[in-house]
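Student: I have a structure to read and would like to go through it feature by feature. Where do we begin?

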Amino acid sequence: MFAVAVAALGFSSCSETWDDNPVIKTHEGVQQADFLNEPVMKDQVIMLTDQNREGVFHMTCSQPDFGYAAVGTYKVQISLTEDFKTYEEVSQDFYDCGAINVLNGDVASILEKLSGVKTEDDLPLPYQPVYMRLRAYVAQDEAQTTFISNVVKFKGVSADYLAIWVSDVPIDMYLRGAFPETGGWEAIEKYQFVTGPTDNTWVTQTIDIANGTQFKVADSSWGACNWGAGNPTITPDTNYVLNTDPANGGPGNITMSGNFHGYAMVTLSKGTYTLILVPTE
């Protein structure tokens, strides 16, 4: 009886050790597995609009074989062909197998990119099949735990608004200041911003700003965009946070520190607009 009791305790101890110290099941390369469920809305005809961009494509999955119930990271990949010869991956991470909810706006952006949309003249897109799959992994060992799921098909998806970021498009935003060409802080083409090469960036052409020149970032009517001094002076090649608070008559003027030759770039991140003057040869 004593021997049986010792053996039983031994098995109990081993079980507790396994539960407390789970081991990730690793593998070489990327493995294929069927863990993405067929979505309920797969046979619907879906039009993506600016009004429903915060809606979602709802999908669910089961967890691939990570060796135990690990916290997995799930990335959604989208293609216009079932073989995924060309595809894009949504930037958002998902962690709940029961709520793989891709924003309509992200789907529209990828759909337009894969379809070669450049301007609003290319819209609306025709309804076409859209294919999705998941890339899953355990974050602490992504290289040896990555799985690619089976592919699911959405019958017909279209978009009727420009969801992608298109570069080199002039916008109503200027450097306005005491520049020789303006004569009185006018908004002129030479100092106008266009959309930059990446999302939420805007750039000017190559310009010169003399030491001591005062200016702002503003639209053509001194309207909602009338941004200025967060600090008294701006130094080239240094991030300068713009004051966008219109209270008490609006932000003050920015003063140029030293002579500048290059281009201006405004970026938007987490609600903050930043100006950087990038010197060029």
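Tutor: We begin with one residue in a loop. Asp121 lies in the loop between helix 2 and strand 7. Keep in mind throughout that this is a predicted model.

Student: Is Asp121 buried or exposed?

Tutor: Asp121 has a relative accessible area of 72%. Exposed means over 50%, so Asp121 counts as exposed. Its C-alpha is 9.5 Å from that of Leu162, although the two residues are 41 apart in sequence.

Student: Which strand holds Leu134, and how do I read its accessibility?

Tutor: Leu134 belongs to strand 7. Its relative accessibility is 0%, and buried means under 20%, so Leu134 is buried. Its C-alpha lies 8.0 Å from that of Val151, which is 17 residues away along the chain.

Student: How does strand 7 pair with strand 9?

Tutor: Strand 7 (residues 128-138) and strand 9 run antiparallel and are joined by 4 bridges. For one position, look at Met132 in the model: opposite it stands Val152 of strand 9.

Student: Which strand runs parallel to strand 9?

Tutor: Strand 2 does, with 4 bridges to strand 9 (residues 152-159). Val45 has Gly156 of strand 9 as its bridge partner. Strand 9 is mostly covered, with 6 of its 8 residues buried.

Student: How do I read the side chains along a strand?

Tutor: In a regular strand, side chains alternate between the two faces of the sheet. Strand 2 (residues 45-48) follows this pattern: Ile46 and Leu48 point to one face and are buried. Val45 and Met47 point to the other face and are not buried.

Student: What are the covered and uncovered faces of strand 3?

Tutor: In strand 3 (residues 56-59), Phe57 and Met59 make up the covered face, while Val56 and His58 make up the uncovered one. Strand 3 also pairs with strand 6 (residues 100-103), in the antiparallel sense and over 4 bridges. Within that pairing, Met59 is opposite Ile100 of strand 6.

Student: Now the cysteines. How many disulfides does the structure hold?

Tutor: The count is 0.

Student: Why is Cys61 not bonded to Cys97?

Tutor: A disulfide needs two cysteine sulfur atoms within 2.5 Å. The sulfur of Cys61 has its closest cysteine sulfur in Cys97, at 3.2 Å, so the two are too far apart for a bond. Cys97 is likewise in no disulfide.

Student: Are these two cysteines buried or exposed?

Tutor: Cys61 is buried, with 9% relative accessibility. Cys97 is buried as well, at 18%.

Student: How should I read a pair of aromatic rings?

Tutor: Such a pair is described by the distance of the ring centres and the angle of the planes. The structure holds 9 aromatic pairs. One of them, between Phe179 and Tyr191, is stacked, with 4.2 Å from centre to centre and 10° between the planes.

Student: Where do Phe179 and Tyr191 lie in the chain?

Tutor: Both residues are in the loop between strand 10 (170-177) and strand 11 (192-195), and they are 12 residues apart. Phe179 and Tyr191 are both buried.

Student: Which residues form an aromatic cluster?

Tutor: Trp165, Trp202, Trp227 and Tyr273 form one cluster.

Student: What sits over the ring of Tyr87?

Tutor: The charged end of Arg133 does, 5.0 Å from the centre of the ring.

Student: Last, what is the volume of the largest pocket?

Tutor: About 680 Å³. It is lined by 20 residues, and the closest to its centre are Asp106, Ser109, Ala163, Ile164 and Asp199.

Student: Which elements give two or more residues to that lining?

Tutor: Strand 5 (87-89) and helix 2 (104-115) do. Helix 2 supplies the largest share of the lining, 5 residues.

Notes
Residues are numbered from 1 along each chain as its sequence is written. This is a predicted model: local features need pLDDT of at least 70, side-chain atom pairs count only at pLDDT 80 or more; totals for chains, interfaces and linings use all residues. Side-chain values use heavy atoms; hydrogens and water are left out. Buried means under 20% relative accessible area, exposed over 50%, partly exposed in between (1.4 Å probe, protein chains only). Rings of Phe, Tyr and Trp (its six-membered ring) pair if their centres lie within 6.5 Å; planes under 30 degrees apart count as stacked, over 60 as edge-to-face and the rest as tilted. A charge sits over a ring if NZ of Lys or CZ of Arg is within 6 Å of the ring centre and within 35 degrees of the ring normal. Two strands pair if DSSP finds at least two bridges between them. On a 1 Å grid over the protein atoms alone, a cavity is a set of points where a 1.4 Å probe fits but cannot get out, and a pocket is an open set with protein on both sides within 12 Å along at least five of seven lines; lining residues have an atom within 4 Å of a point. Grid points are joined across faces, edges and corners, and a volume is the space filled by probe spheres set on the points.
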